[in-house]
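Welcome! Let's take a short tour of this structure, one topic at a time.

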Amino acid sequence: MTLVAPTLDRLAHSVEVFNGYRNVDRTWHEFVAQTAPGPDLARPEHRRLLHRWLNSWGCRIRYPRDGEPPGRWPRSPRRTRCCSSPA
């Protein structure tokens with residue numbers, strides 16, 4: 001597969017296609033409005049809103065199941081283990 005270098009024309013085309021989707025920025029605008037004057041990830045509600053916004057854009061970050069505590073976000077013990085420094 002050969003990749004072609006991006007051009008301004010290709011970028012303009014991509015932006016035009018992207019903006020053609022209905023309500024494409026709805027969840028972003030909700031996130032910005034509900035976390036004004038800026039997101040504070042120390043606040044659980046802001047983390048929940050970020051989680052929802054990321055998932056609306058195609059991320060697949062799992063939501064806690066019924067009865068599970070919300071825990072810290074991002075919720076990935078595997079990543080914590082693999083990225084922690086050796087003892």
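## Starting at the surface

In which helix does L11 lie? L11 belongs to helix α1, which covers residues 8-20. Please keep in mind that this is a predicted model.

L11 also takes part in a nonpolar patch on the surface, together with L8 and V15. The patch has an area of about 310 Å².

## The loop between α2 and α3

Next, let's look at a loop. Helix α2 runs over residues 26-34 and helix α3 over residues 44-56, and T35 sits in the loop between them. Is T35 buried or exposed? T35 counts as buried because its relative accessibility is 1%, below the 20% cut-off for that word.

T35 has some partners worth finding in the view. A polar atom of the T35 side chain lies 2.6 Å from the backbone oxygen of F31. Setting aside neighbours within four places in sequence, T35 is in contact with H46 and L49.

P37 is also found in the loop between α2 and α3. The peptide bond leading from A36 to P37 is cis, and its omega is near 5 degrees.

## The nonpolar core

Two residues from the loop section come back here: F31 and L49 are both members of the largest nonpolar core. The other members are L50, W53 and L54, for five residues in total. Which helix gives the most to this core? That is α3, with four residues.

Terms used
Residues are numbered from 1 along each chain as its sequence is written. This is a predicted model: local features need pLDDT of at least 70, side-chain atom pairs count only at pLDDT 80 or more; totals for chains, interfaces and linings use all residues. Side-chain values use heavy atoms; hydrogens and water are left out. Patches are made of residues with over 30% relative accessible area and no salt bridge: like charges are joined within 9 Å, nonpolar side chains (Val, Leu, Ile, Met, Phe, Trp, Tyr) within 5 Å. Accessible areas come from the Shrake-Rupley method with a 1.4 Å probe; for residues, only the protein chains shown count as cover. A salt bridge is a side-chain nitrogen of Lys or Arg within 4 Å of a carboxyl oxygen of Asp or Glu. Helices (H or I, at least four residues) and strands (E, at least two) are DSSP runs, numbered from the N terminus. Buried means under 20% relative accessible area, exposed over 50%, partly exposed in between (1.4 Å probe, protein chains only). A polar contact is a pair of N or O atoms within 3.5 Å; within protein, one must be able to donate a hydrogen and the other to accept it, and residues adjacent in sequence count only if both atoms are side-chain atoms. Contact means heavy atoms within 4.5 Å. A nonpolar core is a set of buried Ala, Val, Leu, Ile, Met, Phe, Trp, Tyr and Cys residues joined through side-chain atoms within 4.5 Å.
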